Amino acid sequence: MSNFVAILKKRNKRIIRMKKFMVPFICLFVIMANISSAEGASKQTEESEHATAHHDECSCHHEEKYDPGASAFHHIGDANAFHLFGDYYLPLPCLLYAPESGIKFIMSSAFHMHHHGSGSKAIDGYVMVHGSIMRVNQDGFPMEGEVEVSCYTEKEAADGKVTYQVVYDEKCYNLDKKTSYDGGIMGGGITSFYDFSMTKNVFTMILAFLILFFLFRKAAVSYITRKGQAPKGVQAVIEPLFEFIRNEVAIPFLGSKYEKYLPYLMSIFFFILGLNLVGQLPFFPGSGNVTGNLSVTLVLAVIAALITNFSGNKHYWQHVFNMPGVPLPIKFILTPVELLGLFIKPMTLMLRLFANITAGHIVIIIFVSLIFIFGQAGESLGGSILGGVMAVPLTLFMMAIELLVAFVQAFVFCILTASYIGAAIEEHHEHH
Amino acid sequence: MTGTLAAIGAGLAVIGAGIGIGNIGSKAMEAIARQPEVVGDIRSNMILMAALIEGAALIAIILSIFVK
């Protein structure tokens with residue numbers, strides 16, 4: 001007992017010592033966050049080259065305008081290269097396929113990216129615009145080999161849709177949209193090429209997977225090496241989380257059959273939690289907004305829906321198609337509602353995670369943007385300082401909230417999936 | 001103009017969700033005050049219900065932003 005108290009005291013001391021380091025660390029963290037975002041944003045305002053889109057002639061000129069909304073959407077989006085700092089990008093492999101020119105495999109560094117992720121080279125008709133690969137879809141552009149391009153510009157159509165254009169040899173060429181994996185269902189439109197690259201999000205996912213693998217391996221090993229002793233280190237972090245999900249989520253919702261679904265629930269919880277936390281880091285290994293990407297949450301929700309419906313027993317389907325104890329006319333109303341519910345449940349899972357994480361990231365970026373809004377994009381020093389003084393505590397506050405949201409959203413996804421599966425495998429009970 | 005209307009729609013959705021989640025929170029606090037021994041159950045059910053309401057609000061927000 002006295003031994004235990006001694007350990008506790010030692011641990012308390014260590015926590016106090018850690019607290020001393022925590023305050024400067026957090027301050028440093030916030031300052032670094034601001035600098036790294038500020039760098040990207042100032043690059044955008046100072047060097048952003050927009051061209052005037054005449055019919056034939058195109059020229060690039062500098063435009064001093066800062067758009068916080070566009071900046072935010074650019075930062076939360078996926079990209080074909082990982083922004084490190086300044087003009088330095090981590091090259092990622094690009095696997096591109098166009099029906100007329102076949103498969104193309106290059107590194108994203110081949111595009112010679114400079115300010116704000118736009119490349120100065122076009123390779124086989126592919127160009128890098130704001131960190132995403134696009135393809136020229138207008139005649140006259142050299143579709144073979146490497147050419148030097150001047151800049152990129154946006155053309156707004158009458159209906160408000162923005163098309164990117166590349167300026168080459170003082171002429172504008174329309175660009176296709178960046179590809180989406182949905183075949184154009186969600187408004188992206190069908191493109192003339194397909195992008196199967198390892199993007200920033202894929203990189204972050206692999207990173208999170210490796211971190212989780214090593215953490216869990218370490219915890220698992222320590223169950224053998226420290227058998228019969230109190231948990232320590234990584235094990236002491238993982239075990240309470242694991243027990244919490246098992247005792248508060250799996251057992252109450254799934255009952256006696258919980259062990260069959262426990263691996264899935266744990267994977268989904270720790271995967272989302274890991275990605276949320278990695279995505280909160282504002283600089284290099286983090287900053288990938290993976291759980292705030294609709295495609296990723298779509299896949300997670302589809303997996304949840306498949307597991308729910310495939311493990312559904314007779315009573316589950318009976319409650320969907322032919323509810324017992326309900327008069328026939330009501331069944332005509334209830335069955336379509338229940339059928340819709342089969343699709344709405346995973347859809348809300350998908351949207352909830354996506355919207356929560358995306359909203360958090362956008363709010364943080366907008367708070368950082370206060371520096372540029374008040375500083376009039378670098379023109380007013382006093383305004384920038386005022387903006388900075390406002391932005392630092394607000395960003396710190398939002399980061400703390402986001403830390404909570406990272407845990408709550410992982411937990412909510414897990415508990416809702418468990419409740420859907422629980423409803424599907426529930427044993428029959430009397431209705432009379 | 002569509003932008004402003006979409007913003008109003010998102011705001012209305014948030015009002016509804018705010019009232020709903022506020023009710024959940026107040027009732028949960030009352031329940032915890034009455035029966036502090038089941039605080040764990042009440043808390044997880046509270047989060048579950050809040051998440052369900054939030055889902056409806058988020059669908060409204062997403063629709064009001066992306067469907068113009």
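Visitor: Leaving aside neighbours within four places in sequence, which residues is Ile272(A) in contact with?

Guide: This is a predicted model. In it, Ile272(A) is in contact with Thr291(A), Leu353(A), Gln409(A), Ala410(A) and Phe413(A), once neighbours within four places in sequence are set aside.

Visitor: Which residues have the most contacts inside the largest nonpolar core?

Guide: Ile272(A) is one of them, along with Phe269(A), Phe413(A), Cys414(A) and Ala418(A). That core has 44 residues. The elements giving it two or more residues are α3 (200-225), α4 (234-254), α5 (258-280), α6 (294-310), α8 (328-374) and α9 (381-425) of chain A, together with α2 (39-66) of chain B. The most comes from α9(A), with 11 residues. Separate from this is a second core of 29 residues, which includes Ala79(A), Phe82(A), Leu96(A) and Val149(A).

Visitor: How many residues does α9(A) have, and how far does it reach?

Guide: The way to read a long helix is to set its reach beside the expected value. Helix α9(A) has 45 residues and spans 63 Å from its first C-alpha to its last, close to the 66 Å expected at 1.5 Å a residue.

Visitor: Where in α9(A) does the kink lie?

Guide: The kink lies at Ala391(A), shortly before the proline Pro393(A), and comes to about 25 degrees.

Visitor: Which residues of α3(A) are buried?

Guide: The general idea is helix geometry. An α-helix has 3.6 residues a turn, so residues three or four places apart point the same way. In this structure the buried residues of α3(A) are Lys200(A), Asn201(A), Thr204(A), Met205(A) and Ala208(A). They pack against β3 (82-85), α5 and α6 of chain A. The helix itself has 26 residues and reaches 37 Å, close to the 38 Å expected at 1.5 Å a residue.

Visitor: Why does Leu212(A) count as partly exposed?

Guide: Burial is read by counting neighbours. Leu212(A) counts as partly exposed because it has 18 C-beta neighbours inside 10 Å, whereas 20 or more would make a residue buried. Leu212(A) lies in helix α3 of chain A. Not counting residues up to four places away in sequence, Leu212(A) touches Phe270(A) and Gly274(A).

Visitor: Is Gly288(A) buried or exposed?

Guide: Gly288(A) counts as buried, because 26 C-beta neighbours lie inside 10 Å. This glycine is found in the loop between α5 and α6 of chain A.

Visitor: How far apart are Gly288(A) and Asn201(A) in sequence and in space?

Guide: Sequence separation and spatial distance have to be read side by side. Gly288(A) and Asn201(A) are 87 residues apart in sequence and 5.5 Å apart in space, C-alpha to C-alpha. For another pair, Leu212(A) and Ile106(A), the values are 106 residues and 30 Å. The contacts of Gly288(A), leaving aside neighbours within four places, are Lys200(A), Asn201(A), Phe203(A), Thr204(A), Val278(A) and Gly279(A). Over chain A, residues 24 or more positions apart account for 61% of the contacts with a separation of 6 or more.

Visitor: Which way do the residues of strand β8 of chain A point?

Guide: Tyr126(A) and Met128(A) point one way, Val127(A) and Val129(A) the other, and all are buried. Strand β8(A) is joined by 4 bridges to strand β9 (residues 132-135) of chain A, and the two run antiparallel. Val129(A) has Ser132(A) in β9(A) as its bridge partner. The hairpin has 2 residues between the strands, and His130(A) in this hairpin takes a positive phi near 50 degrees.

Visitor: What is the strand order in the open sheet of 3 strands?

Guide: The order is β6-β5-β14 (chain A), with antiparallel pairing. The edge strands, β6 (102-107) and β14 (194-195) of chain A, each pair on one side only. Between strand β5 (residues 93-98) and β14(A) there are 2 bridges. Tyr97(A) stands opposite Tyr194(A) in β14(A).

Visitor: How many residues does each chain bring to the contact?

Guide: Chain B brings 10 residues and chain A brings 9 residues. By class, the side of chain B that touches chain A has 7 nonpolar, 2 polar and 1 charged residues.

Visitor: How many helices and strands are there in chain B?

Guide: Chain B has 2 helices and 0 strands, and 7% of its 68 residues count as buried. Chain A comes to 9 helices and 14 strands, and 34% of its 432 residues count as buried.

Technical notes
Residues numbered from 1 in each chain as written. Chains lettered and ligands numbered in written order. Predicted model: local features only at pLDDT ≥ 70, side-chain atom pairs only at ≥ 80, totals over all residues. Core = buried A, V, L, I, M, F, W, Y, C linked by C-beta atoms within 7 Å. Buried ≥ 20, exposed ≤ 12 C-beta atoms within 10 Å, placed from the backbone. Contact = placed C-beta atoms within 7 Å. Pairing = 2+ DSSP bridges. Nonpolar A, V, L, I, M, F, W, Y, C, P; charged D, E, K, R; others polar. Expected span 1.5 Å × (residues − 1). Bend = angle between axes of the 7 residues up to and from the residue.
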